[in-house]
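Q: Please take a close look at the ligand site in this structure. Start from the chain beside it if that helps, and take me through the surroundings step by step.

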Amino acid sequence: MDTDAVPDLNLTAALEAVSAARSPEQLAELRREYLGKRGVAARVKETIKSLSPEDRPIVGQAVSLFTAKITEALDAADAVAGPETIDESPIDLTLRGHGRKRGHMHLVTQCRRDLEDVFVSLGYQVAEGPEVESDWYNFEALNFPPGHPARAMQDTLYVDLGEPEQVLLRTHTSPVQVRVMESQTPPIYCVMPGRTYRNETLDARHSPVFHQIEGLAVDRGLTFGDLAGTIEAFTSAYFGQKVKSRLLPSYFPFTEPSAEFALSCVFCDGSGCRVCSNTGWIELGGCGMVDPNVFRSVGIDPEEFSGFAFGFGLERMPMLRYGVEPIKTFFDNDVRFLTRY
Ligand code: DAH
């Protein structure tokens with residue numbers, strides 16, 4: 001008996017197909033095609049009932065033989081090909097990866113570092129002090145005696161109103177001057193950047209939390225001219241040579257004489273515009289010659305040494321350089337702002 005008696009059961013062709021199959025997937029497909037529920041063998045078997053009694057055993061034997069031979073061939077081929085795999089597509093190593101977005105320094109930090117670099121190049125050191133301060137460092141050692149009206153210039157946020165010492169969030173970076181003078185001996189050339197706090201209502205240019213940078217120089221024979229030259233030097237290093245600075249008389253308890261310093265408006269080159277309220281000048285900070293009382297409070301002899309100091313809001317610099325406003329933009333942490341600078 002031979003399966004050729006049943007034309008649908010072409011054993012030769014089926015065996016060739018099995019031996020030509022290359023992958024486990026192809027073999028599985030052939031197993032379904034020949035031996036599956038609706039496969040070739042099953043379909044021929046279905047027809048047996050309708051055949052004549054003589055033909056039935058012939059076709060029955062042919063199907064059994066076909067099934068046996070194909071099963072044997074597929075089992076052998078399966079053993080060589082191994083298990084079916086899920087995905088054989090090769091990995092494309094040239095595809096771009098997802099990458100990671102890199103962060104960078106905040107604009108205030110960039111400005112702080114830029115200014116630190118300017119001052120370091122002028123021979124200054126950088127120092128820091130605590131943000132939670134005592135009344136002594138924030139006010140008293142800076143010649144603001146208790147009840148002094150100048151205390152009202154700086155609306156203070158108190159942490160502890162207790163006795164003997166009041167604790168507060170520093171209203172300026174000037175207390176770091178005191179700490180530096182306590183711990184170092186002149187000559188001192190130091191800048192002190194940091195965060196400061198005031199009980200202030202948020203508006204376009206004021207915020208209860210902001211940054212300042214303080215400068216202090218203590219040496220023999222320092223004059224107001226040295227102060228003016230230093231201010232000119234760092235403002236033009238940050239904003240460019242075109243920018244001029246000017247000093248106007250002012251009052252601070254810890255300096256005598258005291259001054260306010262302003263820059264020629266970076267938007268209109270001093271000719272007058274909305275930003276500078278048509279004055280041509282933009283106020284930046286305070287400065288002056290260190291008051292002898294401050295020297296005395298830290299044990300430096302005002303007869304032997306003189307000094308100058310200055311301080312200003314750090315956010316003011318990038319606000320002016322890039323026209324950033326309102327000040328709260330610096331603290332909102334909106335990614336569109338952060339990624340722009
Ligand atoms: N501490 C002052 C303020 O916050 C600014 C200032 C003025 C700092 C004069 C100084 C200075 O060092 O000499 O308004």
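A: Pro187 is found in the loop between helix 7 and strand 5 (188-197). The model is a predicted one. The peptide bond from Pro186 to Pro187 is cis, with omega near 5°. Helix 7, on one side of this loop, covers residues 174-183 and supplies at least two residues of the shell around the ligand.

Now the ligand itself. It sits in the largest pocket. Its shell counts 16 residues, and the nearest of these are His172, Ser174, Arg198, Gln212 and Glu214. Which elements supply at least two residues each to this shell? Besides helix 7, they are strand 6 (209-219), strand 9 (281-290) and strand 10 (306-313). By class, the shell has 9 polar residues, 5 nonpolar and 2 charged.

Next, the polar contacts. The side chain of Gln177 places an N or O atom 3.0 Å from an oxygen atom of the ligand. Ala309 uses its backbone: an N or O atom there lies 3.2 Å from a ligand oxygen. For Phe310, a backbone N or O atom is 3.3 Å from an oxygen atom of the ligand. How much of the ligand does the protein bury? Taken alone, the ligand exposes 350 Å², and the protein buries 93% of that.

Step back to the pocket around the ligand. The largest pocket has a volume of about 910 Å³. Its lining holds 41 residues. Arg198, Glu283, Leu284, Gly285 and Gly313 lie nearest the centre of this pocket. Arg198 is also among the residues that come nearest the ligand. Helix 7, strand 6, strand 7 (245-252), strand 8 (255-264), strand 9, strand 10 and helix 10 (316-322) each give two or more residues to the lining. Strand 9 gives the most, with 8 residues. The lining divides into 17 nonpolar, 16 polar and 8 charged residues.

Some of these lining elements lead into loops with backbone features of their own. Strand 8 and strand 9 are joined by a loop that holds Asp269. Phi of Asp269 is near 55°, a positive value in a residue other than glycine. Asn278 has its place in the loop between strand 8 and strand 9 too. Here phi is near 60°, again positive in a residue that is not glycine. Between helix 10 and helix 11 comes another loop, where Pro326 is found. A cis peptide bond joins Glu325 to Pro326, with omega about -5°.

Helix 11 brings us to the second largest pocket. Its volume is about 160 Å³. Helix 5 (107-121) and helix 11 (329-332) are the elements that give two or more residues to its lining. The largest share, 3 residues, comes from helix 5. The lining consists of His106, Val108, Thr109, Arg112, Arg195, His211, Leu314, Phe330, Phe331 and Asn333. By class, that makes 4 nonpolar, 4 polar and 2 charged residues.

To sum up, the ligand sits in the largest pocket, and the protein buries 93% of the area that the ligand exposes when taken alone. Gln177 offers a side-chain atom to a ligand oxygen at 3.0 Å. Ala309 and Phe310 come up with backbone atoms, at 3.2 Å and 3.3 Å.

Notes
Residues are numbered from 1 along each chain as its sequence is written. This is a predicted model: local features need pLDDT of at least 70, side-chain atom pairs count only at pLDDT 80 or more; totals for chains, interfaces and linings use all residues. Side-chain values use heavy atoms; hydrogens and water are left out. A residue is near a molecule or strand if one of its heavy atoms lies within 4 Å of it. A polar contact is a pair of N or O atoms within 3.5 Å; within protein, one must be able to donate a hydrogen and the other to accept it, and residues adjacent in sequence count only if both atoms are side-chain atoms. Accessible areas come from the Shrake-Rupley method with a 1.4 Å probe; for residues, only the protein chains shown count as cover. On a 1 Å grid over the protein atoms alone, a cavity is a set of points where a 1.4 Å probe fits but cannot get out, and a pocket is an open set with protein on both sides within 12 Å along at least five of seven lines; lining residues have an atom within 4 Å of a point. A molecule sits in a cavity or pocket if more than half of its atoms lie within 2 Å of its grid points. Helices (H or I, at least four residues) and strands (E, at least two) are DSSP runs, numbered from the N terminus. Ala, Val, Leu, Ile, Met, Phe, Trp, Tyr, Cys and Pro count as nonpolar, Asp, Glu, Lys and Arg as charged, and the others, Gly among them, as polar. Grid points are joined across faces, edges and corners, and a volume is the space filled by probe spheres set on the points.
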